[in-house]
Amino acid sequence: MVPLSMFVGFDGGPKNCKKRLLQEKSLTSRPVSASASLSLLFSLEVPSPDDPLNRPMTHPPKHLRLDCVTISFSVGDSLQLGKMNRYWPWLHTGGTYRRAPKTSVRDWTKEKMAACGVAGVVSQGNSSELKCDTSAKCHGLPNGTHKGTSKRWKTVEMNGHAKVVTNGQIGHEFAGQRKQHDSTSAKESYEEVPLFVACLTYLGFYLLMVLGYFNQLFFTPKVAKERNREGYPSLYDNFERFYFRYVYRRVRDCWNRPICSVPGAEVVLKDRITKDYGWTFEFTGTQTKCLNLGSYNYLGFAEEKGPCADAVETTIRKYGLSSCSPRLELGNNPLHIELEALTAEFLGVDDAIVFGMGFATNSLNLPTLLSPGCLCVSDEKNHASIILGLRLSGAKTVVFKHNNMRDLERVLERNVINGQPGSGEPWKKILIVVEGIFSMEGSIVKLPEIIALKKKYKAYLYLDEAHSIGASGPHGRGVVDYFGIDPHEVDILMGTFTKSFGSAGGYIAGDKRLINFLRSQSHAHCYASSMAPPVAQQIITSMKIIMGKDGTNEGRRRIEQLARNTRYFRRRLAQIGVITFGHEDSPVVPMLVYLFSKLGAVVRTLTTKNVAVVGVGFPATPLMEGRIRFCLSAAHTKEQLDYALAQIDEISDTMGLKYSRKPRDPNPIIY
């Protein structure tokens, strides 16, 4: 038998409470101590996991009104929380329960009580005499944690980020308590926007909106009017139509710029002009060669010559340009089979399946894995393809704060306790969806902590490595490789071939059962046209180079070159004084410019200086966080980066972009 200690607050006095305890035949008569705060510490016997009778206690004591319950175990080895539910199904270890007076056990509702003043903690061979203070001063404490708890109990560090207690509640940081560090925060950079910049950003945006409304009212050109639409309802939302015509149009020349070369370290832009303020464009017949800091060519495999280009040319002559059929019909090609086997070997998992489009890999496979009755916990900065896939699935989606492990655990705990909306039934499955490197933030997922939480709450993990595969880790195998984690710890590995491999398409990798299920159920596999043979060959050749199967160390050299370029470029930007977001090892480098007007001005000015960059603003980012997103490549040389940094330094002085208040390193940055 396992002794179980419980702290229970009653609505009666100490004598009445003791009398009720002795009346309950499930409880053993033991010395009971009561405090002035009307709390009792009592013990009862619950079946041990090794008990041959295996007698579960399926009902709570009938005569007790439990205002709050928290649990601690006093055993030689810590008892697993999952076993608690096995023997006491009515008691959820992730929270506390309340029932009104004179109601049956079945009427208990799963409400988490902030009124409870004690948090249970697992300890080994150590018991506590802590009492629950049910006075008014206790009710104001969130999570029901006493300030004295941190001094008298040692909390268990479950995930290396948040101090958690074993009933799922997150401990508070008290004065003098050492701040916890996680797996990525020490290398991340995030600065708050200065107040005057925030005011100017809002003012400028609203002024732009007001001018747009006046423009629409008095100066609507003929090109903005649709023809032959009498009697038709509007095809577009009114605000979307207005935003596109009178806000986005003013900076439209900074996007959708046509190129006429390979997007390598340098790219050739096809010049165009507008004579009607962005309504239409005309090509001038000239071209501009620019340093390319906008393409996702992380390892530099987007080349017009070399082993990849030679292999692709041979494949086109043999297999043509397209299969013109889905994989399940006549679109299956030997190259697809080879690529899937090579991808599984590269990632260190059982099997993999590839798709012709990276966006569809998320948007069409998430609905295959999820359905109504499932819970998906998604990072707020996840890509649009993930958001679309979750909407199509019909599953309940709950968003947690970006890369915030405390908020992720809060969301998991609350939804596990409450169950499905309305019915309270358990979820069919819980899926945590995150990205390896977030494409707009440049941050790296806190994978070790998320894996710890997924195990704790028995959830599945879906990891999108679109921007991290090939670009992170000593072997280029993504954030799993970066943190040195066994790839089998991640249930579903997803990635794309459009970045580091210089090609197109995506993959999902994992165990055999998962991949076999997707081969028969995935819409992207069953109905979409299969990956084009030259696209597959480009991936195969570049992946073999990364793995060293070509007999050279070219793959390792490119991985190391990308890491060197990333650290050098980020440190130089910090020295210049601009604000950047993200992790120091992330090749995605957002530089904050904030103001909508400056966003277009930076893109246009850098283009005149032969530097091609990408600007990102609202609605792709929050209104206050307009940015220039640099994407670094192993193909970039130090001289090219120095030239770009010199131009950025110059325009930062001219346009007032040096918002950073961090101390600057006066010493030269070593490449």
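Let me begin with one pair of residues: V616 has R627, in strand β22, as its bridge partner. V616 brings us to strand β21, residues 614-616, which is joined to β22 by 3 bridges, the two strands running antiparallel. Please keep in mind throughout that what we are looking at is a predicted model.

On β22 there is a second partner to consider, because strand β19, residues 588-594, is joined to β22, residues 626-631, by 6 bridges, and this pair also runs antiparallel. Within that pairing, V588 has C631 as its bridge partner, while V589 stands opposite F630.

Now, which way do the residues of β22 point? G626, I628 and F630 point one way, whereas R627, R629 and C631 point the other way, and all of them are buried. In β19, V588, P590, L592 and Y594 point to one side and V589, M591 and V593 to the other, and again all are buried. For anyone meeting this pattern at the start of their studies, in a regular strand the side chains alternate between the two faces of the sheet. Put as counts, 7 of the 7 residues of β19 are buried, and so are 6 of the 6 residues of β22.

Let me stay with F630 for a moment. Which residues does F630 contact, if we leave aside its neighbours within four places in sequence? They are L293, F569, L573, P587, V588, V589, M591, V613 and I648. F630 also matters for the next topic, the nonpolar cores: the largest core has 108 residues, and of these F569 and F630 touch the most other members. Why does this core lie between two domains? Domain 1, made of 251-292 and 555-655, and domain 2, 307-547, both give residues to the core, so it lies between them. There is also a second, separate core of 20 residues, with L370, C376, L431 and A524 among its members. As background, in soluble globular proteins nonpolar side chains tend to be buried together.

Turning to the helices, α18 covers residues 554-576, and its 23 residues, at 1.5 Å a residue, should span 33 Å; the end C-alpha atoms are 33 Å apart, so the two values agree. Just after α18 comes G577, which takes a positive phi of about 110°. The same check can be made on α8, residues 334-347, where 14 residues should span 20 Å and the end C-alpha atoms are indeed 20 Å apart. The buried residues of α8 include L335, H336, L339 and E340, and its buried residues pack against α7 (307-319), β11 (351-355), β17 (506-510), α15 (512-521) and α17 (533-547).

One loop residue deserves a look as well, namely N403, which lies between β13 (396-400) and α12 (405-418). Is N403 buried or exposed? Its relative accessible area is 5%, and N403 is therefore buried, since that value falls under the 20% cut-off. Not counting residues up to four places away in sequence, N403 touches E188, D379, S443, I444, V445 and K446.

Finally, let me step back to the whole protein, which has 20 helices and 22 strands. Buried residues make up 52% of its 671 residues. Among contacts with a separation of 6 or more, 71% are between residues 24 or more positions apart. The accessible surface comes to about 31800 Å², and 54% of it belongs to carbon and sulfur atoms.

Terms used. Residues are numbered from 1 along each chain as its sequence is written. This is a predicted model: local features need pLDDT of at least 70, side-chain atom pairs count only at pLDDT 80 or more; totals for chains, interfaces and linings use all residues. Side-chain values use heavy atoms; hydrogens and water are left out. Helices (H or I, at least four residues) and strands (E, at least two) are DSSP runs, numbered from the N terminus. The expected span of a helix is 1.5 Å times one less than its number of residues. Buried means under 20% relative accessible area, exposed over 50%, partly exposed in between (1.4 Å probe, protein chains only). Contact means heavy atoms within 4.5 Å. Accessible areas come from the Shrake-Rupley method with a 1.4 Å probe; for residues, only the protein chains shown count as cover. A nonpolar core is a set of buried Ala, Val, Leu, Ile, Met, Phe, Trp, Tyr and Cys residues joined through side-chain atoms within 4.5 Å. Domain bounds come from an automatic or database domain assignment.
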